[in-house]
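Me: I have a structure on screen and want to learn to read it. Can we go feature by feature?

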Protein chains: 2
Amino acid sequence: MPAMTFSATAEAADGLTTRCTARGMTITIDEPPSLGGTDQGMNPVEALLAALASCKSIVARAFARKHGIALRSVRVDCEGVLDPDGFLGRNPEAKIGYSEIETIYHIEADNTPEEIAAFVEFIEGNCPVDDTLTNTPKLIYRIV
Amino acid sequence: MPAMTFSATAEAADGLTTRCTARGMTITIDEPPSLGGTDQGMNPVEALLAALASCKSIVARAFARKHGIALRSVRVDCEGVLDPDGFLGRNPEAKIGYSEIETIYHIEADNTPEEIAAFVEFIEGNCPVDDTLTNTPKLIYRIV
């Protein structure tokens, strides 16, 4: 399969509300009032965690059978720590984005803990969103 | 402001469909049929681009006035290149996630091109999602 190009567009709406579209499907992003928004949707750093958690969940379901995992249920939580004083410009020492992200796997399967642990290790190494965080892609921009 | 913890939960639904929730707000993630899903929503790597594009759009609107930018409109597109043969296990040489992500800024403002370029440079350096990609956070996981 040749390399694919994926894309998303962010259109500004009222205030900080943002309509994001990819292949005709839309999600609404906003900020909570404490960060200047009106809570019309999760915010970008929460959407990043949702992308990461959903990617791991999908890898789990797509590859369970191949790895001999009899998956009964899977839930993936992601939690990230971020100091808003960074992007708010209040502390030049603070990191702008997340300093730490933890993934918590809730997996029920008819397998041993060791088999589940090995499968989670596979998921961690085979998740496109996790890899994009771990191994930074070439990031470029242009103004049109 | 102390460091904040953000979180998102991915609950498995039918097939590869995934319900992601953060602070009670939900987005649906899925895959296209070509990748085993039923197109109930954008997929995780598109959601990652949506998070990135929306973050830059929000930084633009939140900081325009402070930077003397008379913003009339802003649209941010993000495009990422990914070789599915990586995560599909068909090519061990292929990167699992994005190899390149390009951001395209469409900005209308009552400012010179130089002022807009300087402002975009600020956005690029002050976007929490971009920073999380550029400067990899500590990534950990646990199984419960």
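Me: Which residue stands opposite Cys20(A) in E3(A)?
Reply: This is a predicted model. In it, Cys20(A) faces Ile27(A) of E3(A). Five bridges hold the pairing of strand E2 (residues 18-22) of chain A with E3(A), and the two strands run antiparallel.

Me: What takes a positive phi in the hairpin of E2(A) and E3(A)?
Reply: Look between the strands. Two residues sit there, and Arg23(A) has a positive phi near 50°.

Me: Which side chains of strand E3 in chain A are buried, and which are not?
Reply: Read strand E3 (residues 25-29) of chain A residue by residue, since the side chains alternate. Met25(A), Ile27(A) and Ile29(A) point to one face and are buried. Thr26(A) and Thr28(A) point to the other face and are not buried.

Me: Where do these strands fit in the order of chain A?
Reply: Chain A has four helices and six strands. Along the sequence, the pattern reads β-β-β-α-β-α-β-α-α-β. Chain A is also divided into domain 1 (1-41) and domain 2 (43-134). The centres of these two domains of chain A are 21 Å apart, taken over C-alpha atoms.

Me: How do I get a feel for the whole of chain A?
Reply: Start with the span. The C-alpha trace of chain A covers about 50 × 35 × 30 Å along its principal axes. Then burial: 44% of the 144 residues in chain A are buried. Then contacts: among those in chain A between residues at least 6 apart in sequence, 35% join residues at least 24 apart.

Me: How are two copies of a chain related?
Reply: The general idea is a rotation about an axis and a shift along it. Here, chain A superposes on chain B by a rotation of 180° with 0.0 Å of shift along the axis, at an RMSD of 0.0 Å. The two copies are therefore related as by a two-fold rotation axis. The same surface serves both copies, as 100% of the contact residues of chain A recur in chain B.

Me: How many residues does each chain bring to the contact?
Reply: Chain A gives 86 residues and chain B gives 86 residues. On the side of chain A that touches chain B, the largest share comes from helix H1 (residues 44-63) of chain A, with 15 residues. By class, that side of chain A has 50 nonpolar, 19 polar and 17 charged residues.

Me: Which strand of chain B does strand E1 of chain A join?
Reply: Strand E1 (residues 4-12) of chain A joins strand E4 (residues 71-82) of chain B through eight bridges, and they run antiparallel. Follow the partners. Ala10(A) is opposite Val76(B) in E4(B), and Thr5(A) has Val81(B) in E4(B) as its bridge partner.

Me: What else pairs with E4(B)?
Reply: Strand E5 (residues 100-109) of chain B does, antiparallel and over ten bridges. One partner pair there is Cys78(B) with Thr103(B) in E5(B).

Me: Why look for a nonpolar core?
Reply: In soluble globular proteins, nonpolar side chains tend to be buried together. In this model the largest nonpolar core has 74 residues. Those that touch the most other members are Leu49(A), Ala50(A), Ala51(A), Leu49(B), Ala50(B) and Ala51(B).

Me: Which residues does Ala51(A) contact, leaving aside its neighbours within four places in sequence?
Reply: From chain A, Val129(A). From chain B, Pro44(B), Ala47(B), Leu48(B) and Ala51(B).

Methods: Residues are numbered from 1 along each chain as its sequence is written. Chains are lettered from A and ligands numbered from 1 in the order in which they are written. This is a predicted model: local features need pLDDT of at least 70, side-chain atom pairs count only at pLDDT 80 or more; totals for chains, interfaces and linings use all residues. Copies are superposed by least squares on the C-alpha atoms of residues with pLDDT of at least 70 in both. Two residues are in contact if their C-beta atoms, placed from the backbone, lie within 7 Å. Domain bounds come from an automatic or database domain assignment. Ala, Val, Leu, Ile, Met, Phe, Trp, Tyr, Cys and Pro count as nonpolar, Asp, Glu, Lys and Arg as charged, and the others, Gly among them, as polar. Two strands pair if DSSP finds at least two bridges between them. A nonpolar core is a set of buried Ala, Val, Leu, Ile, Met, Phe, Trp, Tyr and Cys residues joined through C-beta atoms within 7 Å. A residue is buried if 20 or more other C-beta atoms lie within 10 Å of its own, exposed if 12 or fewer, and partly exposed in between; C-beta atoms are placed from the backbone.
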